[in-house]
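Q: Please take a close look at a single part of this model. I would like one connected account of it, with the cut-offs behind each term.

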Amino acid sequence: MTEPTRRLLLVHAHPDDESINNGATMARYAAEGARVTLVTCTLGERGEVIPPELRHLTGAALGEHRLRELTAAMAELGVEDFRLLGGPGHYTDSGMMGLPDNEDPACFWQADVEEAAGRLAEVILEVRPQVLVTYDDNGGYGHPDHIQAHRVAMRAAELAAERGWEIPKVYWNRVPRSVGEAAFARLEGDLSALPFSKAGALDDVPGVVADERVTTEIDGTAYAGAKAAAMRAHATQIEVAQPYFALSNELAQPLFTTEYYELVRGRAGAPRENDLFAGLGAGEAS
Ligand SMILES: [Zn+2]
């Protein structure tokens, strides 16, 4: 078998982040024959569990369960290559910012960035992706594991470049403010028909920025079903009522099937891209 020409690497903090942020993108590129590689940094052992019958799961037991959820989600998206950074359970969930959990020496927030980035650089050198997708420097919304995933991903890209593979294009996950505002306005009208009692706020959505910063729009409408199924597979974390979902806070928010990105390294293939691989030269696409 020959190596797929187009190779996409996504770096995320916890199982579920990939499906919420990039599920449609991952399903689309997998269906088109690209190699899609997901690296998740922790098993989300400190996540709050939604279904009452699963609330007894905590710590390592919850991590094991969430790995099974991730496996099921990747089957829904058609993604075969997914890995935990350093192996399952190597780095543990750091919990929300400011909690004593952040002090646990095994948690990802306490990990040495250089060491963790070295591990991720190995994956980059093996996969040789043309595209890297991760969070912005605030982790999208300030969760310590998301901030750390950003730092590790950006540093790993530098280390891999020093060792022979410079990733041509690096993107951060985004939501254009106008798109978010319109979706939350629709949500107000739809709320009474949903299984969620309250609506979230646009400020709670990671990665919202002014429209002009968004460089790239991936229309995943054809993969809306796959994305929703992948999100449902993360049943401890997500409740889906298309085209909305809620996390354990039970606040409804829009389920975006068009996904948005900001190109932060590399050359855009068009003023407004609709393909993460747009504009890659022949030399970069091999
Ligand atoms: Zn997360």
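**The zinc site**

A: The four donor atoms around the zinc ion subtend angles of 54 to 143°, and the arrangement is therefore irregular. Donors are N, O and S atoms within 2.8 Å of the metal (3.2 Å for Na, K and Ca), and the site may look incomplete since water is not among the atoms. Irregular is what remains after tetrahedral (four donors, all angles between 85 and 135 degrees), and square planar (four) or octahedral (six), where opposite donors are over 155 degrees apart and all others between 65 and 115.

The model is predicted, with local features needing pLDDT of at least 70 and side-chain atom pairs pLDDT 80 or more, whereas totals for chains, interfaces and linings use all residues. Residues are numbered from 1 along each chain as its sequence is written, and side-chain values use heavy atoms, without hydrogens or water.

At 2.1 to 2.5 Å, the zinc ion is coordinated by ND1 of His14, by Asp17 (OD), listed twice, and by NE2 of His146. Along the chain, the donors follow the spacing H-x2-D-x128-H. Distant parts of the chain are linked in this way, as Asp17 belongs to helix H1 and His146 to helix H4, 129 residues apart. Helices (H or I, at least four residues) and strands (E, at least two) are DSSP runs numbered from the N terminus.

An unreviewed UniProt entry lists His14, Asp17 and His146 under "binding site"; its positions follow the numbering used here, its feature names are shortened, and its annotations may be inferred rather than shown by experiment. These residues span 133 residues in sequence, but no two of their C-alpha atoms are more than 9.4 Å apart, so they gather at one spot.

His14 lies in the loop between strand E1 (7–12) and helix H1 (17–31). With 6% relative accessibility His14 is buried, that is, under 20% relative accessible area (exposed is over 50%, partly exposed in between; 1.4 Å probe, protein chains only). Asp17 is likewise buried, at 8%.

Beyond four places in sequence, the contacts of His14 (heavy atoms within 4.5 Å) include Thr40, Arg66, Asp93, His143 and His146. His146, in helix H4 (residues 144–162), is buried at 2%. Outside its neighbours up to four places away, His146 touches Ala13, His14, Asp17, Tyr135, Gly139 and Tyr141.
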